[in-house]
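Visitor: I would like a close look at a single part of this protein, with the terms spelled out as you go. Please take me there step by step.

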Amino acid sequence: MAASESPTKRGDGAGVLLYYKYAPVPDLPSLVRFYDSNCRSLALLGRVRIAPDGVNVTVGGNMPSLEKHIAAVKSMSLFEGTDFKLASCDHPSDDRIAKECGFTSLSIRVVKELVTFRSDPLLDSLKVCNAGRHLSAVEFHSVLHDAGDTLAGNNLEMQAQNQFVLLDARNLYETRIGKFQATNVETLDPKIRQYSDLPSWIDNHSEKLHGKHILMYCTGGIRCETASAYIKSKGAGFENVFQLFGGIQRYLEQFPDGGYFKGKNFVFDHRISVGSQDDVIGSCLLCGSSFDDYSSRCRCNYCRMLVLVCYDCQAIAGRKYVCELCQRHGKGSKPMMLQENELHEELSSDSLEATEMTNATFPGVTTPTQTHMTYGNNHLRKLRILCLHGFRQNASSFKGRTSSLAKKLKDMVEFVFVDAPHQLPLIYQLRPREPDLLSEQTTDAPSSFQQSQPPTTNCKKRFAWLIDLNSNSLEEQGWRMADVPFNPLQYQQQTHGFEASYDYLKDVILRMGPFDGILGFSQGAAMTALFCQQQQRSCSVMDFRFAILCSGFSAISRDPRKESIRCPSLHCFGNSHGQDRQIANQASRELADMFDEECSIVIEHDMGHIIPTRSPYLDQMKEFLRRFI
C-alpha cells in the first residue's frame, strides 16, 4: 500500500500526525536516538513508542515541522509503505486537556509490543503477518453498500454466502460517541473497558463471528492488525477477516459527510473528537439527554473510565459517576461529581492506541508497575521518581535503605532505582589483631593488625556515578585490599566519569521514562546537580520537573558567574550540629547554592548520613511533592 497523506489544506498552523509501522526494527537504540534528535529539533510534542516489531507515533507541532518529520521518516527504508495521517488543527486551547493527552512534552519509550492485546505476560505476542486483508476507505464503503443491498434481497442462498458483520475494535468510551451503522449489517460493539479485554470477548462470542465476513475497524488501524490476526488464528470458519486501512480517520477524510459512520471519532489528542458537530449519538450517563462532549474529562468513580455527563448534570454537586460496566457489576448506586484535581489525570496508555504497555527490560533497573494514588475519592497518577544511589552502593541496597521513605510516601510516589555505570572493585581492610597466647606472631603485618580474607560468598556489585581520576574501576574486578584507611573526604577526588554517567542516564530515561522527578543521595545528589546543569547548558528540554538532593555535595567548584540551575529543587541534609560524618554541612550548602533560590527549598535535620522519615522533615517533603501532583 503506497504511503499517503491527508488532503487537509497545509499551512503554517498547528497539526497532529499519527502513524504506525509493523516491521522488524534492526537497531532499537539507533531509532530511539533518531526520534529524540528529530522531534526535539522540530519542537514536536507527543508520544513515540518503539518495539522490536515496529513503531507507533502520535505527535503534534507546527505543520511545516510535521512535514519535515514525515520527510525524514520516509527516507528510512524501514517505513516504506507507511500511512502518515496528518491533520491541521488549532493549537490546544485548554492546557489541562493538552497535558492529560500527553501533548505538553515529548515521551519516547521502548516497549515490548506496540499494543498489548493480551494482558497475560507469559503469552507470546501475536504476529501481524496473518492479519486481515486491508480495505481502503472506498472499498470498505462499497462492501457495506453492496452487503446491505444483498442482504435486503430475497435470495436466501446469496444471503447465506454473504453474511457480513461489523466488529468495532475500540473501547466503550470511544464507541459511545460514534460507530459504523449500515442497513441490514449488524455492528458488534464488544463494550470493553480496555483493548486487552477484546480477546476474551472474541472467545466468548465466537459464534457471532464464525462463518461470517468480518469487517473490522478502529481509530487509525493499528488495533485491527493484532485483533484480526487473532481471529484468523482460530482456523476454519474465521478466514474472511477484513480491516479498514487507515481506520475511521481515513474513512472520514474520504467521506466528509460521515458515510456509514455515525457520530464522532474519538481521538487521543487535544482535539478529543472529530466529525460532524450535528451528528450526536452519545447520551448523558445521568439524565440520558443527547450529549457527546468529553472535554470535561469526567470519569467513573470506580474504574476511572471516561464517562459522558452533560453540563447541567455536572453542575449538580456531590454525585458519583458510575459507568455502564461498573453498574453491570453492581458497583455504586448514585452518580458522583469528580473533584477538580482529578481532571489532571493522564490518559491511560490507550492514548496511543495501546493499553498496558510493557517496558522493555533494561539491565541495572528495578521498577514497580505503574500505579495510581488516591486521596479520598480522588485518583491521581503517582509521581515517578528516578533514584540515584550513593558511592559504592547499588540499586538494590539503595532501595532497601529507602524502604521506610517509600512506605510513608506510597500514596504519592513511585520510586525507580538504577545502578550507576561505573563498577567498583570490592574492598576489604586489615582488622585489629586479637591476642594469641598460644603462638608467636609470624606475619609481616603490623603487630596490631592481621590479614583479613575477603568473604568467599557472592557479594553484590558496587557502583559509582563519579570516580577518581586514577581509578581503573572498569578494569578491576573481584576483591582487593584497601591501600589506605577510609578517608571521609574521598568524594572530593571523585570528579571524573560524568560523560559516561550522563549518556547512561539519558538512555535510562529514553527506555524507562518519562519521570516526574529525580532523587539523588550523596554522590547521587552530586550527579543529579551535574545532570540538570548539563541539560540547562545544552538548552535541552528538562527531563525532570523537579529534583530532590539528599546529603549531597558539589562535584565541581562553585563559579558565582555561572547561571543558577532553574529546576525546582528540595535539598535535605544534616545541619552543622548533625551527625553526618561523611558530607559536611557546608558541602551540602554549596550544592544547594547551585540552584535558583527562588524555586528551591532547604531542609536541615539533626541526624546522620540518611534521608529522614519522621516529622517535621517528612511533612516538608510531602508538601514539596504536592506541588507537582
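Guide: Buried means under 20% relative accessible area, exposed over 50%, and partly exposed in between, with a 1.4 Å probe and protein chains only. This is a predicted model, in which local features need pLDDT of at least 70 and side-chain atom pairs count only at pLDDT 80 or more, while totals for chains, interfaces and linings use all residues. Residues are numbered from 1 along each chain as its sequence is written, and side-chain values use heavy atoms, leaving out hydrogens and water.

Of the 629 residues of the protein, 52% count as buried, and His-571, the part chosen here, is one that is buried, with a relative accessible area of 1%. His-571 belongs to strand 29, residues 569-574, where strands (E, at least two residues) and helices (H or I, at least four) are DSSP runs numbered from the N terminus. The secondary structure as a whole comes to 17 helices and 30 strands.

What does His-571 touch, not counting residues up to four places away in sequence? With contact taken as heavy atoms within 4.5 Å, the list is Leu-549, Leu-591, Ala-592, Phe-595, Ser-600, Ile-601, Val-602 and Ile-603. Within its own strand, the side chain of His-571 also makes a polar contact with the side chain of Ser-569 at 2.9 Å; such a contact is a pair of N or O atoms within 3.5 Å, and within protein one must be able to donate a hydrogen and the other to accept it, residues adjacent in sequence counting only if both atoms are side-chain atoms.
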